[in-house]
Amino acid sequence: MYIEDDICYVGNPGKDVKVVEATPLSGGMMILLFSTGELKLFDATQLKGGAFDVLKDPTVFDAPHVEHGFVSWADGAVDVAPEYMYENSVAYNRDDDLLFAG
């Protein structure tokens, strides 16, 4: 528990992070650019629950929308907290793509 601006919150204060850009890849993977300047690779297939079933449709998954720092799909019907995406992704370097380019 912590208090910020006279408001009591459950949990621990996290990094104030927002998604700036989301690029979908095949297989449910995404490259995310965060407000920290970090590029990270996020595996959306780890999202569990019926609300995320719509992301199995490639036409939906391939059309993310970034607004107010979070990623949403299907006209806002599905979204994921930027803190969750940040904490559950791994560092990504675009130069790594060169390793796999023929």
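This passage describes the main nonpolar core of a predicted model and two buried residues, Ser 72 and Lys 40. In this predicted model, local features need pLDDT of at least 70 and side-chain atom pairs count only at pLDDT 80 or more, whereas totals for chains, interfaces and linings use all residues. Residues are numbered from 1 along each chain as its sequence is written, and side-chain values use heavy atoms, with hydrogens and water left out.

The largest nonpolar core, a set of buried Ala, Val, Leu, Ile, Met, Phe, Trp, Tyr and Cys residues joined through side-chain atoms within 4.5 Å, comprises 18 residues, and Met 30, Leu 32, Val 71, Trp 73 and Met 85 have the most contacts inside it. At least two residues of this core come from each of strands E3 (19-24), E4 (29-34), E7 (70-73) and E8 (78-80) and helices H1 (58-61) and H2 (82-87), these being DSSP runs of at least four residues for helices (H or I) and at least two for strands (E), numbered from the N terminus. Strand E4 gives the most, with three residues.

Ser 72, which lies in strand E7, has a relative accessibility of 7% and therefore counts as buried, a term for under 20% relative accessible area with a 1.4 Å probe and protein chains only.

Lys 40, in strand E5 (residues 39-43), is buried yet has no salt bridge, that is, no side-chain nitrogen of Lys or Arg within 4 Å of a carboxyl oxygen of Asp or Glu; the nearest side chain of opposite charge, Glu 38, is 5.0 Å away. A polar atom of the Lys 40 side chain does, however, lie 2.8 Å from the backbone oxygen of Tyr 86.

Conventions. Buried means under 20% relative accessible area, exposed over 50%, partly exposed in between (1.4 Å probe, protein chains only). Lys and Arg count as positive and Asp and Glu as negative; His and the chain ends are not counted. A polar contact is a pair of N or O atoms within 3.5 Å; within protein, one must be able to donate a hydrogen and the other to accept it, and residues adjacent in sequence count only if both atoms are side-chain atoms.
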